[in-house]
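These are my notebook entries on one protein chain. I set down what I looked up, entry by entry.

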Amino acid sequence: MASRWLRELGSLPATVVDWWRRTTAAGPVEQWLVLGLLPGVLVSVWLLSPSIGFGFSLGADSLFESPRTLSTAFTANYMHASSRHLFDNVLNFWVTLFGIYPLVSIADWHREFRLSAAVYLLVGPFVIAWLTLQTLGVVTDQPSVGFSGIVAAFLGFLPIALAAAASEVTNGEVDTVWAAVPFLCSLAVVFAVPSVWYFPTRPLFAAGLAVCGLSIGGLLWRYDRPRRLGQYNRQLEPDVRLAFLIGSTVFVFGVAGALLFVRSGTNVWGHLAGYLVGFTVPFIGFVVLPALTGTPSGPE
């Protein structure tokens with residue numbers, strides 16, 4: 001029995017790689033750029049450049065206080081304070097992309113994901129810095145560094161990827177707008193459950209978010225109810241079913257790890273800013289605007 005378990009455990013990496021190849025339609029160049037080159041850049045920057053001097057000062061009066069403040073708002077997101085800090089962020093990045101890429105392939109949202117990722121990497125750092133200044137800047141002048149805010153942005157893409165993939169496998173019966181329900185409910189939990197002292201709970205705000213999320217779900221169920229979910233569920237291939245399971249698991253544990261169960265000193269506001277950017281950009285750009293203009297989202 002023990003030897004059989006050891007053999008199955010030893011074959012797990014190969015099984016995971018085979019599943020990834022079957023479910024991920026992104027080309028090898030893109031995979032190497034996102035999953036290999038970007039972490040490689042983070043490691044190289046940590047090895048070659050000290051984080052001191054490149055961190056973003058949380059004591060700044062505004063994002064545009066000086067050219068240095070504006071530049072470090074960007075560079076701080078690609079710096080790390082220690083090898084443990086770097087390892088945690090790279091690992092979380094890989095796990096998050098492991099959940100996203102198969103869903104992107106199922107939904108055929110490669111273009112949407114690439115555009116969103118570009119915004120996360122190039123614009124996201126400034127939004128993260130701005131929101132951090134509006135909150136933590138009043139209680140500390142500690143320099144802030146780390147890639148975790150951008151990782152949280154990719155985490156914000158996950159509920160949309162799940163909804164888009166669900167829409168694809170149900171021939172549009174599940175509207176991609178459903179992504180707003182888990183997103184708003186996750187924010188409700190974040191503001192209801194205490195994490196660190198400088199991120200106080202806001203019960204009324206949390207209740208309002210929960211009501212909004214559940215109301216959207218109720219309206220969608222009433223006026224655009226998917227009626228053949230059981231049939232579509234029975235027709236799902238095992239690889240697709242596993243993609244939904246892994247994506248949902250990464251989403252739940254990712255939110256918990258980034259916004260709830262965090263170590264003291266973690267910039268939770270920075271994580272939250274990244275999460276908001278990660279959801280808002282693709283939701284408005286690829287769900288709301290196409291619905292308002294009558295342009296179909298996703299593949300034609």
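**Entry 1: Confidence**

I began with the confidence of this predicted model: the mean pLDDT of the chain is 88, and 91% of its residues reach 70 or more. I then looked up the elements of the chain, where helix α1 (residues 2-23) has the lowest mean pLDDT, 69. The highest, 97, belongs to helix α8 (residues 180-192). I noted a general caution: where pLDDT is low, the predicted coordinates should not be read in detail.

**Entry 2: The largest pocket**

I next looked up the largest pocket, which holds about 1000 Å³ of space. Its lining consists of 45 residues, and the closest to its centre are His-85, Ser-148, Thr-266, Asn-267 and His-271. I also listed the elements that give two or more residues to this lining: α4 (83-107), α6 (124-135), β2 (143-144), α7 (148-169), α11 (238-260) and α12 (268-293). Which element gives the largest share of the lining? I found that α4 does, with six residues.

**Entry 3: Salt bridges**

I counted five salt bridges in the model. One of them joins Glu-30 and Arg-114, whose closest N and O atoms are 2.8 Å apart. Glu-30 lies in helix α2 and Arg-114 in helix α5, so this pair ties together parts that are 84 residues apart in sequence. I checked how far each partner is covered: Glu-30 counts as buried because its relative accessibility is 13%, under the cut-off of 20%. Arg-114, at 45%, counts as partly exposed.

I turned next to Arg-263 and Asp-88, whose side chains meet in a salt bridge at 3.6 Å from N to O. This pair links distant parts of the chain, 175 residues apart, with Arg-263 in the loop between α11 and α12 and Asp-88 in helix α4. Arg-263 is exposed at 51% relative accessible area, whereas Asp-88 is buried at 18%. I also found that Arg-84, Asp-88 and Arg-263 are linked in a network of salt bridges.

A further salt bridge is formed by Glu-173 and Arg-228, with the closest N and O atoms 2.7 Å apart. Here Glu-173 is in the loop between α7 and α8, Arg-228 is in the loop between α9 and α10 (229-235), and the two are 55 residues apart. I recorded Glu-173 as buried, with a relative accessible area of 17%, and Arg-228 as partly exposed, with 39%.

**Entry 4: Positive phi in two loops**

I looked up two residues that have a positive phi although they are not glycines. Asp-108 has a phi of about 55 degrees and lies in the loop between α4 and α5 (110-122). Asn-171 has a phi near 55 degrees and lies in the loop between α7 and α8. Are these residues buried, partly exposed or exposed? Asp-108 is partly exposed, at 36% relative accessible area, and Asn-171 counts as exposed, at 64%.

**Entry 5: A buried glycine and a nonpolar patch**

I located Gly-213 in helix α9 (residues 203-223). Gly-213 counts as buried because its relative accessibility is 0%. Its C-alpha atom is separated by 9.3 Å from that of Trp-178, 35 residues apart along the chain.

Finally, I looked at the surface, where Val-29, Leu-33, Leu-37 and Val-41 make a nonpolar patch of about 360 Å². Leu-33 is placed in helix α2 (residues 28-48), and its relative accessibility of 45% makes it count as partly exposed.

Conventions. Residues numbered from 1 in each chain as written. Predicted model: local features only at pLDDT ≥ 70, side-chain atom pairs only at ≥ 80, totals over all residues. Heavy atoms only, no water. Patch = residues over 30% accessible without salt bridge, like charges linked within 9 Å, V, L, I, M, F, W, Y side chains within 5 Å. Areas by Shrake-Rupley, 256 points an atom, 1.4 Å probe, with all protein chains shown as cover. Salt bridge = Lys/Arg side-chain N within 4 Å of Asp/Glu carboxyl O. Helix = DSSP H or I, 4+ residues; strand = E, 2+ residues; numbered from the N terminus. Buried < 20%, exposed > 50% of the residue type's maximum accessible area, 1.4 Å probe, protein only. pLDDT = per-residue confidence, 0-100. 1 Å grid on protein atoms, 1.4 Å probe; cavity = no way out; pocket = protein on both sides within 12 Å on 5 of 7 lines; lining within 4 Å. Points joined across faces, edges and corners; volume = space filled by probe spheres on them.
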